[in-house]
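Reader: Could you take me through one part of this model in detail, the sheet and what packs on it? I'd like the cut-offs spelled out too.

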Amino acid sequence: MLGRFLRERRGRRELDEIGAIGHRRRRGTLTQEDLARLTGYSVRTISALEQGAEHRPTPELLEAIAAALRLSTDERSILWYLATGSLPPAVDDVIETDPALRRTVLALDPHPAYLTDAFWQVEVQNSAFATWICDFTQRPAGEQTILHWFFLDPHSRHVLVDWHAEAAMIMARLRARMLRSSRSADYAAMVEKICARSADARQMWERQTDVLLDGPLRDGVFRRPGHTDPLQPNDSAYHVRLSLTTLAPVRTGDERRLVAFLLPDGFPLVSRDGVCGACLREAGVEPERLHQLDRR
């Protein structure tokens, strides 16, 4: 089974597509020699693996083959299962932080942007994201994920005009990741903890069965920082439509996502000093104090 799988996947890749060095004049699909050159292993090792003689392939060998053949996440899992009888290690455990992704997030300012791992843990955010959405560096340890913010931070309902629709999409994406991940038990544990603290999360998770992969560009409506109270006079005047786009690294199995919220052309900069009247009201701040803050 393993040998047939490798030969079939090798036969799908053209030399021109892979760009195999040293064989620019030859056309056709990859040979064992080409795969050996691309992975840095010997032809003997590649041949033994395809013939079933290599019974203990190293993780490094399998990852090198997956990268050389440009296997999808599912194909990588199949390769590991056929070669070892088990699923591959979680990608988050083997992929190092990419400095270029961090720089991209920071360079997108004044457009809000952030980078998450497979569990929506926010790894990097720019100052615009902290202003428009939330400063995740100030959130409690263990709760610096988009899921925790959506369902456990009341401010998410103040920021997002259509909170229920956005929350439903998050749940649909979570279900999709669980179905295709080797760490589904970890996802289930996270969902269980959030559902225990949020009735909305529990209801959505139990009733909703939609599955949604990361999609292309779409729009979302947000309230402008400093004007995020749904009960404020003329609330709709502070609604801003942002274009959301999700960027994924090209490395095989990398589940991190860079999400950017693009402001309308010519939109003015906003201050970080805005106070959310809804948060203060829900915290029990007296009406007179709210009025004083609103006049600032």
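Author: Here is a walk through the sheet, followed by a helix pair and one histidine.

First, the ground rules: this is a predicted model, so local features need pLDDT of at least 70 and side-chain atom pairs count only at pLDDT 80 or more, while totals for chains, interfaces and linings use all residues. Residues are numbered from 1 along each chain as its sequence is written, and side-chain values use heavy atoms, with hydrogens and water left out.

Now the sheet. It's an open one, with 5 strands in the order 2-1-5-4-3 and antiparallel pairing. The edges are strand 2 (122-125) and strand 3 (218-223), each pairing on one side only. On average, neighbouring strands are turned by 25 degrees against each other, direction ignored. As for terms, strands (E, at least two residues) and helices (H or I, at least four) are DSSP runs numbered from the N terminus, and two strands pair if DSSP finds at least two bridges between them. Axes are lines fitted to C-alpha atoms, for helices over the stretch in contact, and angles run from 0 to 180 degrees between N-to-C directions.

Let's zoom in on strand 5 (residues 257-262), which pairs with strand 1 (residues 113-116) in the antiparallel sense over 4 bridges. Y114 stands opposite V259, and T116 has R257 as its bridge partner. Strand 4 (residues 239-247) also pairs with strand 5 in the antiparallel sense, over 5 bridges; there, L247 is partnered with L258. Strand 5 is mostly covered, with 5 of its 6 residues buried (under 20% relative accessible area; exposed is over 50%, partly exposed in between, with a 1.4 Å probe and protein chains only).

What lies across these strands? Helix 8 (residues 99-107) crosses strand 1, strand 2 and strand 5, at about 50 degrees to strand 2. Helix 12 (residues 163-180) lies across strand 3 and strand 5, at about 130 degrees to strand 3.

Elsewhere, helix 3 (residues 32-39) and helix 5 (residues 59-68) pack at about 110 degrees, axes 9 Å apart. That makes helix 3 roughly perpendicular to helix 5 (65 to 115 degrees; under 35 is roughly parallel, over 145 roughly antiparallel, the rest oblique). L35, L38 and T39 in helix 3 meet A64, I65 and A68 in helix 5, where contact means heavy atoms within 4.5 Å.

Last stop: H148 sits in helix 10 (residues 146-152) and is buried, at 9% relative accessible area. Leaving aside neighbours within four places in sequence, H148 touches R139, G142, E143, D153, M190 and I194.
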